[in-house]
Amino acid sequence: MKTAKRRKWAVLALLLMVGAAALYFYMRAPAVPQSIKLLYCPAPVDGCGDQNLHVVFASPPAVLKPFGIDVAMAGAQAVHASFAMDGMEMGLNRYRLLQKPDGRWHGDITLPVCVQGRSDWIARVDVETATGLQRYQFTFKAEPR
């Protein structure tokens with residue numbers, strides 16, 4: 001009876017360790033980007049980018065209302081998007097985008113409410129390529145709640 005109980009605890013401990021390791025590798029911070037490229041993006045719904053990257057929001061961004069983001073970049077191996085405010089901690093808002101059959105990377109984003117009622121956001125798009133991590137950054141306004 002005692003060995004069965006010990007075995008259950010050992011299996012539970014093993015599962016917890018495996019789960020913690022998986023969470024660590026999923027949520028860990030990416031490598032330091034080679035550079036940060038600032039994009040001018042007055043209307044993300046219309047799309048913006050440069051010669052390498054194109055990003056577009058599926059609908060106007062609004063607080064607590066999911067909206068889609070699509071990123072296209074040749075040679076991308078993984079794409080993450082994170083959202084923050086200048087001078088304000090907004091919690092963990094980092095999304096792993098999934099590659100679609102046509103090569104675009106897509107994610108569904110939900111922005112949290114700012115307790116001060118601000119709507120000025122900074123989007124960071126991290127693209128992992130064979131040559132390293134590339135970061136693109138732009139500002140946008142979200143519709144208030």
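1. Two strands are taken to pair here if DSSP finds at least two bridges between them. With that in hand, the pairing of strands E6 and E7 in this predicted model can be described: the two strands run antiparallel and are joined by 2 bridges, and leucine 98 stands opposite histidine 106 in E7. The two strands form a hairpin with 5 residues between them, and in the turn glycine 103 has a positive phi of about 100°.

2. On the pairing of E5 with E6, the sense is again given as antiparallel, and the two strands are paired over 4 bridges. Within this pairing, valine 79 has leucine 97 in E6 as its bridge partner.

3. The loop between strand E5 (78-84) and strand E6 (94-99) holds asparagine 93, a polar residue that deserves a careful look in the model. Asparagine 93 counts as buried because its relative accessibility is 9%, which is under the 20% limit for that class. Its side chain reaches the backbone oxygen of methionine 90 at a distance of 2.7 Å. If neighbours within four places in sequence are left aside, asparagine 93 is in contact with Ala81, Ser82, Phe83 and Pro112.

4. Turning to the interior, the largest nonpolar core has 30 residues, and those with the most contacts inside it are Leu53, Ile69, Val71, Phe83, Phe138 and Phe140. Several strands contribute to this core, with at least two residues supplied by each of strand E3 (53-57), strand E4 (67-73), E5, strand E7 (105-109), strand E8 (120-129) and strand E9 (132-141).

5. The aromatic residues may be considered next, since the structure holds 7 aromatic pairs. One of them is formed by phenylalanine 67 and phenylalanine 83, an edge-to-face pair with 6.5 Å centre to centre and 80° between the planes. This pair links distant parts of the chain, as phenylalanine 67 belongs to strand E4 and phenylalanine 83 to strand E5, 16 residues apart. Phenylalanine 67 and phenylalanine 83 are both buried.

6. Another aromatic pair, this one tilted, is formed by phenylalanine 138 and phenylalanine 140, with 6.1 Å centre to centre and 45° between the planes. Phenylalanine 138 counts as buried because its relative accessibility is 2%, and phenylalanine 140 is likewise buried, with a relative accessible area of 6%. Apart from neighbours within four places in sequence, phenylalanine 140 is in contact with Pro44, Phe57, Pro61, Phe83, Leu111, Ser119, Asp120, Trp121 and Ala123. One aromatic cluster is formed by Phe57, Phe67, Phe83, Tyr95, Phe138 and Phe140.

7. As to charged side chains, those of opposite charge can pair when their charged atoms come close. The count of salt bridges comes to 4. One of these is between aspartate 126 and arginine 135, whose side chains meet at 2.6 Å, N to O. Aspartate 126 is buried because its relative accessible area is 3%, and arginine 135 also counts as buried, at 18% relative accessibility, since the limit for that class is under 20%.

8. Salt bridges that share partners join Asp70, Asp102 and Arg104 into one network. Within it, the side chains of arginine 104 and aspartate 102 meet in a salt bridge of 2.7 Å, N to O. Arginine 104 counts as partly exposed, at 31% relative accessibility, whereas aspartate 102 is exposed, with a relative accessible area of 51%, because the exposed class takes values over 50%.

9. A further salt bridge is formed by aspartate 120 with arginine 118, where the closest N and O atoms are 2.9 Å apart. Aspartate 120 is partly exposed, with a relative accessible area of 26%, and arginine 118 is partly exposed as well, with a relative accessible area of 23%. Aspartate 120 is also among the residues in contact with phenylalanine 140.

10. A last point concerns the backbone at leucine 64, which has a positive phi of about 60° although it is not a glycine. Leucine 64 has its place in the loop between E3 and E4, and at 43% relative accessibility it counts as partly exposed.

Conventions
Residues are numbered from 1 along each chain as its sequence is written. This is a predicted model: local features need pLDDT of at least 70, side-chain atom pairs count only at pLDDT 80 or more; totals for chains, interfaces and linings use all residues. Side-chain values use heavy atoms; hydrogens and water are left out. Buried means under 20% relative accessible area, exposed over 50%, partly exposed in between (1.4 Å probe, protein chains only). A polar contact is a pair of N or O atoms within 3.5 Å; within protein, one must be able to donate a hydrogen and the other to accept it, and residues adjacent in sequence count only if both atoms are side-chain atoms. Contact means heavy atoms within 4.5 Å. A nonpolar core is a set of buried Ala, Val, Leu, Ile, Met, Phe, Trp, Tyr and Cys residues joined through side-chain atoms within 4.5 Å. Rings of Phe, Tyr and Trp (its six-membered ring) pair if their centres lie within 6.5 Å; planes under 30 degrees apart count as stacked, over 60 as edge-to-face and the rest as tilted.
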